[in-house]
Amino acid sequence: MLEIKNLSVHYVTDAITAKAVNDISFSVNKGESMGLVGETGAGKTTTALSIMQLVPDPPGIIVDGEIWFEGKNIIYNTDKENQAMRGNGISMIFQDPMTALNPIMTIGDQLNEILTTHQKISKKQAKKQVIELLEIVGIKEDRYNDFPHQFSGGQKQRVVIAMSLLCKPRLLIADEPTTALDVTIQAQVLEIINSLKAKFNMAIILITHDLGVVAETCNKIAIMYAGQIVEMGTVEDVYLSPKHPYTKGLFDSIPKLDDDTTQLIPIEGQVSNASDLPTGCYFHPRCRFCKDICKTQQPLIKGDAHKFMCHFDVFTKGAIK
Amino acid sequence: MVLIETKRLKKYFPVPSGHLHAVDDINLQINKGETLGIVGESGCGKSTLGRVILRLHEATSGEVLYDGMDINTFNASEMRHMRQIMQIIFQDPYASLNPRMTIGQSISEPLRLHKIYNKKNEIRERVEELMELVGLPKRSYNQYPHEFDGGRRQRVVIARALTINPKFIVCDEPVSALDVSIQAQILNLLMDLQKNMGLTYMFISHDLSVVKHISTNIGVMYLGQMIEKAPKKDIFRNPLHPYTIALLSAIPSINIKEKSKKIILKGEITSPINPKPGCRFAARCPFSIDICRAQIPKLIEVEKDHSVACYRYKEIQNKTLHYNII
């Protein structure tokens with residue numbers, strides 16, 4: 001239902017060009033949920049904004065690529081077509097529930113506004129639907145006329161989730177939906193997203209930096225580094241046999257609860273600057289397995305179902321130590 | 001040897017509608033060279049506890065003992081001496097460095113403030129030694145914080161905390177603003193420093209896997225109170241408080257072979273302003289009985305070094321009481 005082909009997004013100013021997303025391709029089918037994982041500045045949110053057609057322009061430019069949603073390349077959409085697609089077709093949960101809500105409108109009015117903007121519906125009917133959905137995410141009817149500041153962080157995030165689901169979108173993009181929440185509340189919210197996914201048969205793209213959250217909610221995963229997808233496959237494939245040194249590095253640097261290792265193995269160095277990317281493989285300055293070819297030539301994407309972007313296959317063949 | 005001890009430590013903040021019980025009757029001990037991890041959700045008072053122990057907030061009542069001395073009775077000049085011994089590392093490395101000071105100036109400030117060295121070249125030598133210790137290149141001496149990313153800024157903050165040879169450091173969420181690959185670098189650094197310099201840490205975090213990694217003992221806080229305290233292995237293998245059990249099960253695990261079942265707690269953390277009598281967790285606890293809502297359970301040692309504040313821990317221990325997991 002969603003297919004992205006060779007998408008590149010750059011932020012161009014007079015002084016610098018930040019290459020936020022570099023030639024990525026992936027697809028999401030109906031009912032599937034894909035985790036998009038990477039560190040700060042890896043290009044996750046820019047990818048999401050491109051799908052929503054919300055890349056701030058200027059300075060953001062989609063320099064290359066196609067985004068096919070339900071058989072249509074939405075890059076050439078007019079503003080009106082975009083407006084029709086957002087909400088009904090694709091909708092997005094933003095990271096920070098505190099800033100995603102209007103502080104001077106009651107949540108009832110805010111949710112109503114969404115329905116009446118995107119669908120032909122009477123106000124009375126809209127109210128009924130809003131209350132129904134709030135009930136599903138666990139907010140009681142008597143909170144309908146409350147303002148955002150009267151809700152806790154977890155409740156606000158649930159309002160935002162209800163907001164994004166009001167028009168029953170076919171694709172939901174959730175950008176770090178639980179990062180601002182405590183773990184017990186995170187568990188509640190993930191549970192709601194999971195049950196709603198089954199109920200509405202939505203496709204989900206879940207953006208996060210938490211590999212645990214992906215393991216709990218997704219069936220596919222793509223790992224991003226410096227604007228590229230360096231590894232992609234089913235959650236089982238990627239978690240049980242990571243192929244890219246960066247993916248392996250990520251797993252090794254997480255402290256694990258069920259294992260008593262004393263020393264973590266961090267990835268040395270820092271994330272590359274998007275306006276000054278290294279030559280060759282973008283990961284080579286931090287890679288333990290770096291060889292001469294990595295410094296000059298960008299690796300191609302290998303594999304069918306389980307794709308990865310590395311000159312070597314360091315973890316399966318044991319060719320290099 | 002016990003280095004830090006608190007006795008019945010309380011910190012209430014006056015608010016228009018009454019008192020906010022941020023830290024409510026905390027007794028803890030930290031041995032020299034060990035790390036006490038403090039976990040809990042936002043608003044449970046863990047940061048306030050760290051600050052009251054350093055006397056950055058004045059305690060409402062109770063004692064903070066450093067090596068047996070009650071620091072709450074110290075006067076200003078005695079306290080200034082204590083500040084050399086006790087340091088803190090804050091969560092946000094972006095907010096804790098002065099943007100107009102170079103890295104060298106920031107790290108050397110405590111040396112100048114406490115008049116430890118007088119000669120410029122001595123200060124420079126000490127700063128470079130510290131920069132090397134935390135893994136910063138010497139050429140960064142004249143750089144400004146904006147030229148650094150979060151991980152390297154946190155290294156600067158750590159170096160600054162170490163300049164005057166402290167014995168005890170409160171680490172308040174030192175890695176939660178950092179990406180995982182950088183987080184591992186900083187955790188390793190903190191652990192190496194502890195080993196080499198015999199430091200004692202109080203490590204505050206909401207991330208249980210991080211706390212487990214670095215701590216010797218772990219204390220779990222809920223609404224200003226310590227509800228369970230044990231060596232880290234016991235907390236994870238044999239949690240006794242219903243909140244600890246739910247908290248542990250709610251952590252998303254990357255282990256996809258054994259999917260653990262989640263305990264989803266109903267409701268949210270209640271207000272710390274004028275809390276109701278009884279156990280603070282009672283409103284969300286599926287096992288609460290009348291006494292839980294009437295009287296605060298005491299933190300009692302039920303196994304060696306393992307304390308819990310719950311009336312029904314015995315039933316939980318014998319597994320006659322357990323969560324129904326779907």
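Guide: Ala, Val, Leu, Ile, Met, Phe, Trp, Tyr, Cys and Pro count as nonpolar here; Asp, Glu, Lys and Arg count as charged; the others, Gly among them, count as polar. One caution: this is a predicted model.

Visitor: What does the lining of the second largest pocket look like by class?
Guide: It has 18 nonpolar, ten polar and twelve charged residues. The pocket has a volume of about 1,300 Å³. Of its 40 lining residues, Q188(A), E191(A), I264(B), L265(B) and K266(B) are the closest to the centre. By the class rule, E191(A) and K266(B) therefore count as charged, Q188(A) as polar, and I264(B) and L265(B) as nonpolar.

Visitor: Which elements give two or more residues to that lining?
Guide: They are α5 (123-136), α6 (153-165) and α7 of chain A. The largest share, seven residues, comes from α7(A).

Visitor: What makes a space a cavity and not a pocket?
Guide: In a cavity, a 1.4 Å probe fits but cannot get out; a pocket is open. The whole structure holds eight cavities of 30 Å³ or more. About 90 Å³ lies in the largest cavity. The closest to its centre, of 14 lining residues, are P245(A), C281(A), C287(A), C294(A) and C310(A). Pro and Cys are on the nonpolar list, so these five count as nonpolar. The full lining divides into eleven nonpolar, three polar and no charged residues.

Visitor: Why is strand β8 of chain A described as largely enclosed?
Guide: Buried means under 20% relative accessible area. Six of the six residues of β8(A), 203-208, are buried, so the rest of the structure largely encloses the strand. Both faces are covered: A203(A), I205(A) and I207(A) are buried on one side, and I204(A), L206(A) and T208(A) on the other.

Visitor: How do you know which strands pair with β8(A)?
Guide: Pairing needs at least two bridges. Strand β3(A), residues 33-37, has five bridges to β8(A) and runs parallel to it. Strand β7(A), residues 171-175, also has five and is parallel too. Both therefore pass the cut-off. I204(A) stands opposite S33(A), and I204(A) is also the bridge partner of L172(A).

Visitor: What links β7(A) to β8(A) in a β-α-β unit, and of which hand?
Guide: Helix α7(A), residues 183-200, completes the unit, which is right-handed. With the strands pointing away from the viewer, right-handed means that the path over the helix runs clockwise.

Visitor: Why do β2 and β5 of chain A count as edge strands?
Guide: The open sheet has the order β2-β1-β4-β5 in chain A, with antiparallel pairing. β2 (17-28) and β5 (72-73) each have a single partner strand, so one side of each lacks a neighbour in the sheet. Inside that order, β1(A), residues 2-12, and β4(A), residues 60-69, pair over eight bridges. One partnership joins Y11(A) to G60(A).

Visitor: What makes α9 of chain B a covered helix?
Guide: Nine of its nine residues, 242-250, are buried. Among them are Y243(B), L247(B) and S249(B). The cover includes α7 of chain A, along with β9 (217-222) and α8 (232-237) of chain B, among others.

Visitor: Is M69(B) buried, exposed or partly exposed, and what shows that?
Guide: Its relative accessible area is 39%. Buried is under 20% and exposed is over 50%, so M69(B) is partly exposed. M69(B) lies in strand β5(B), residues 69-70. M69(B) touches V64(B) and F74(B), leaving aside residues up to four places away in sequence.

Technical notes: Residues numbered from 1 in each chain as written. Chains lettered and ligands numbered in written order. Predicted model: local features only at pLDDT ≥ 70, side-chain atom pairs only at ≥ 80, totals over all residues. Heavy atoms only, no water. Buried < 20%, exposed > 50% of the residue type's maximum accessible area, 1.4 Å probe, protein only. Helix = DSSP H or I, 4+ residues; strand = E, 2+ residues; numbered from the N terminus. 1 Å grid on protein atoms, 1.4 Å probe; cavity = no way out; pocket = protein on both sides within 12 Å on 5 of 7 lines; lining within 4 Å. Points joined across faces, edges and corners; volume = space filled by probe spheres on them. Contact = heavy atoms within 4.5 Å.
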